[in-house]
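Student: I have a model open in front of me. Can you teach me how to read it, feature by feature?

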Amino acid sequence: MSKPVVLIAEELSPATVDALGPDFEIRKVDGTDRESLFSALNDANAVLIRSATKMDAEAISHAPALKVIARAGVGLDNVDIKAATEAGTMVVNAPTSNIISAAELTVGHILSLARHIPAANQSLSSGAWKRSSYTGVELYEKTVGIIGLGRIGALITARLQAFGVSVVAYDPYVTSARAQQLGVQLVTLDELLERSDFVTIHMPKTPETTGMISADEFAKMKSSAFIINVARGGLIDEDALYDALANNTIAGAAVDVFVSEPPTDSRLLTLDNIVVTPHLGASTGEAQEKAGVSVAKSVRLALSGELVPDAVNVAGGVIDPYVRPGIPLVEKLGQVFSGLTHSPLTSVDIEVHGELNDYDVSVYKLAALKGIFTNVVSESVSYVNAPLLAEQRGIEVRQITDAVSEEYRNIITLRGALSDGSQISVSGTLTGTKQIEKIVGINGYDVEVPIEKHHVVLLYTDRPGIVAVYGQQFGEAGVNIANMQIARHEAGGEALSVLTIDSPAPDGVLDKIAEATQAALVREIDITE
């Protein structure tokens, strides 16, 4: 019996091949040579890549036997996840392989900024001896502000505390108990910017966080402060950063990631008070080896039909066909759920009601947590690290199943408690022969809304003309409302409106709607596929 074919399309460590073991036929190809890649993919069951090989729809179409695409790293910009999913191909990555490397690079940048190491090196290498030009500052007793207190943020905290710094953090999804455990003071973003001598950002890149540090934020920082970004290009507005550095609004910056890479035309490269590196966050031998070994293990699991914890698009493994269609639904419910939170989550229940009670639905717990954290943390979220992310944040997680579902064959509800004592819930189901994903309940209000890419949820006092008010605001902003459902418990009481919009709401529109309607809740929820 022939062995499954595993194609290695880029240079990987010997440990990666060792981790695959003897059960596969290993072949190699230059993944950047498209014709060679297409030919090699013809009978491949798995392909291992890094960042240079593009597994787009065209490449996937040449791989009829492909069961898994394994990216030995974190980013998946070179993989068409939608096309892979449609082809029934699993995509896996190594979400935790580079966290130590990224944390250490951040600390290295902080030290480089504090002591002008790169500039002093360049000066001395060119023959100059200018000790007085490179007088720096000590980290001791300085304040470091960390925006995003996930795993990388926590690793940075642990390393910096040895320097005798005070660490403050902004992360709306971290409880005070977790922060206290790390020895960190939670503050607002404005307070962090005002107090910090060094600011480092570790947030995911979402519509809400893109450009979150811009001219207004730089104006709140000390003129002696430094900012560091090794997380995602675009979290810092690059034009605003250039102005802040050129005008000495802040003292300096260190940047490892850019909106466009390589940043050959970036004005930032012309400045003297910035340290730049070419996206080196994961560029250590240890991180590369961890990534290769991790995805090799995932390939073994995938090709043996077992559950694959690091699967990005499907859970894989021995999951009943009746359970499997609910996995993407539950992930999306998790995103809706986290989009409705307004303070840190302390507990979450994943409730499964109906015929699914007779099946093993433990994967739904993983899918729910993956959805909840997808747009919350800076690192990639998978089935293996989502429970750990919950544990690190002190979130109690339970799964509850029963056979009772009065209106639908099955209904899945995510119900959570927040640190301010309030509760939220989101329910969903699959309907019809096409198994359409729908939201059927939010915070006790019954709705039935197909899940699309962009939704807005409003809670306001029911009264005549209110729909026209927010409809006009969206119309003036050029946003088309594709669908709308309104639910209420009684006339004149509170009404919940769920809108489906064709495009994201421009900046400021939701604030205008909140003011015009006096709504208690106005939230845009963007679903990441």
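Tutor: We will go through a sheet, a pocket, an annotated domain and two backbone details. Keep in mind that this is a predicted model.

Student: Start with the sheet. What is the strand order in the open sheet of 7 strands?

Tutor: Read a sheet by strand order, then by pairing sense. Here the order is 8-7-6-9-10-11-12, and the pairing is parallel.

Student: Which are the edge strands?

Tutor: Look for strands that pair on one side only. They are strand 8, at 185-186, and strand 12, at 274-276.

Student: Which helix packs on the sheet and touches strand 12?

Tutor: Helix 11, residues 238-246. Strand 10 and strand 11 are also touched by this helix. For orientation, compare directions: helix 11 makes about 145 degrees with strand 11.

Student: Now one strand pair. How many bridges link strand 10 and strand 11?

Tutor: Go down to single bridges. Strand 10 (residues 226-229) and strand 11 (residues 252-255) share 4 bridges, in the parallel sense. To find one on screen, pick Phe-226; its bridge partner in strand 11 is Gly-252.

Student: On to pockets. What is the volume of the second largest pocket?

Tutor: About 1200 Å³. After volume, turn to the lining. This pocket is lined by 35 residues, and the closest to its centre are Thr-206, Pro-207, Glu-208, Thr-209 and Glu-524.

Student: Which elements give two or more residues to that lining?

Tutor: Helix 13 (326-340), helix 17 (509-517) and strand 22 (521-526). Strand 22 gives the most, with 5 residues.

Student: How many residues of the lining are nonpolar, polar and charged?

Tutor: Sort the lining by class. The second largest pocket has 16 nonpolar, 12 polar and 7 charged residues in its lining.

Student: Where does UniProt place the ACT domain?

Tutor: Treat a record as a record. An unreviewed UniProt entry puts "domain: ACT" at residues 455-529. Then check the span in the model. It is 27% helix and 39% strand, and its end C-alpha atoms lie 14 Å apart.

Student: Last, the backbone. Which residues does the cis peptide bond join?

Tutor: Read omega for this. The bond between Glu-261 and Pro-262 is cis, with omega about 0 degrees. Pro-262 sits in the loop between strand 11 and strand 12.

Student: And phi: is its value for His-116 positive or negative?

Tutor: Positive, near 55 degrees, in a residue other than glycine. His-116 lies in the loop between helix 5 (99-115) and helix 6 (117-125).

Definitions and conventions: Residues are numbered from 1 along each chain as its sequence is written. This is a predicted model: local features need pLDDT of at least 70, side-chain atom pairs count only at pLDDT 80 or more; totals for chains, interfaces and linings use all residues. Side-chain values use heavy atoms; hydrogens and water are left out. Two strands pair if DSSP finds at least two bridges between them. Contact means heavy atoms within 4.5 Å. Axes are lines fitted to C-alpha atoms, for helices over the stretch in contact, and angles run from 0 to 180 degrees between N-to-C directions. On a 1 Å grid over the protein atoms alone, a cavity is a set of points where a 1.4 Å probe fits but cannot get out, and a pocket is an open set with protein on both sides within 12 Å along at least five of seven lines; lining residues have an atom within 4 Å of a point. Grid points are joined across faces, edges and corners, and a volume is the space filled by probe spheres set on the points. Ala, Val, Leu, Ile, Met, Phe, Trp, Tyr, Cys and Pro count as nonpolar, Asp, Glu, Lys and Arg as charged, and the others, Gly among them, as polar. UniProt positions are given in the numbering used here, feature names are shortened, and annotations may be inferred rather than shown by experiment.
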